[in-house]
Amino acid sequence: MTDRIARRPHGRRARATYGADDAHSFAWEPVLAALALGPGDRLLDVGCGGGVFLRRALETGCRATGVDHSREMVGLARKTSGVEVVLAEAEDLPFTDHEFTAVSSLVAFFFFADAVRALREFRRVLEPERGRLAIFTTAPEAKGSPAAPYPLATRGHFYSDDELAHLALAAGFSESRVSRTDEWAQLLVAQP
């Protein structure tokens, strides 16, 4: 059930959850504020799910691309957002170096098998001067809560604020900081 609904979403329930107009909407504004997107930006949203955040991000005037590892979510995100969405893993992105000015990931990071490898890929596809990263993820304090119920909590990777900031530095980002939007949510912001 955890895999079908959360880790590799597919099926009617997953489409309803991630295609909902407000899917993960609590993360949208903190991520958009951190990225400060505008018409000159090209955003890559990793783990884009049903694409509703992509649709919201387009309101800033930016161009956007999504990536997800669920074939069903890729199809749904294409319909929802109208942008290019590709099937790929976070740790192996099919894009050229420096192709994007911003990378986002909302409530997907704790499922990435190799966090440092994924972050290296995010850094690789970011422009060195203007690039910025915003990852909204679930804090360890949320284990067993409605934000990360069991058994889902057993399938994710949770990091303290310091560990999360260090992961970005270990991946080669020059600046990294973590803030809390509430007790159960972390926002990692980094620059190449």
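**View 1. Strand β1 is enclosed by the rest of the structure.** Five of the five residues of β1 are buried, so this strand is largely enclosed by the rest of the structure. The model shown here is predicted. Both faces of β1 are covered. Arg42, Leu44 and Val46 lie on one side, and Leu43 and Asp45 lie on the other. Each of these residues is buried.

**View 2. β1 pairs with β2.** Strand β2 spans residues 63-68. Five bridges join it to β1, and the two strands run parallel. Leu43 of β1 stands opposite Ala64 in β2. Between the two strands the chain passes through helix α4, residues 52-58. This β-α-β crossover is right-handed.

**View 3. β1 also pairs with β4.** Strand β4 covers residues 102-106. Three bridges link β4 to β1, again in a parallel arrangement. Asp45 has Ser104 of β4 as its bridge partner.

**View 4. The largest nonpolar core holds 30 residues.** Leu44, Phe109, Leu119, Phe122, Leu133 and Phe173 have the most contacts inside this core. Several elements give two or more residues to it: β1 (42-46), α6 (115-125), β5 (132-138), α8 (161-170) and β7 (185-191). Helix α6 gives the most, with six residues. A second, separate core has 28 residues. Leu54, Ala57, Val85 and Ala102 are among them.

**View 5. Leu119 and its contacts.** Which residues does Leu119 touch, leaving aside its neighbours within four places in sequence? Leu119 is in contact with Phe109, Leu133, Ile135 and Leu167. Its contacts also include Ala168, Ala171, Phe173 and Leu188.

**View 6. Two buried cysteines, Cys48 and Cys62.** Cys48 has a relative accessible area of 7%. Buried means under 20%, so Cys48 counts as buried. Cys62 is at 5% relative accessibility, so it is buried by the same cut-off. How many disulfides does a search of the whole structure find? The search finds zero. A disulfide is a covalent bond between the sulfur atoms of two cysteines.

**View 7. The whole chain.** The chain has 192 residues, and 52% of them are buried. It contains eight helices and seven strands. Among contacts with a separation of 6 or more, 62% join residues 24 or more positions apart. The chain exposes about 8700 Å². Carbon and sulfur atoms supply 50% of that area.

How values were computed: Residues are numbered from 1 along each chain as its sequence is written. This is a predicted model: local features need pLDDT of at least 70, side-chain atom pairs count only at pLDDT 80 or more; totals for chains, interfaces and linings use all residues. Side-chain values use heavy atoms; hydrogens and water are left out. A nonpolar core is a set of buried Ala, Val, Leu, Ile, Met, Phe, Trp, Tyr and Cys residues joined through side-chain atoms within 4.5 Å. Buried means under 20% relative accessible area, exposed over 50%, partly exposed in between (1.4 Å probe, protein chains only). Helices (H or I, at least four residues) and strands (E, at least two) are DSSP runs, numbered from the N terminus. Contact means heavy atoms within 4.5 Å. Two strands pair if DSSP finds at least two bridges between them. A crossover is right-handed if, with the strands pointing away from the viewer, the path from the first strand over the helix to the second runs clockwise. A disulfide is a pair of cysteine sulfur atoms within 2.5 Å. Accessible areas come from the Shrake-Rupley method with a 1.4 Å probe; for residues, only the protein chains shown count as cover.
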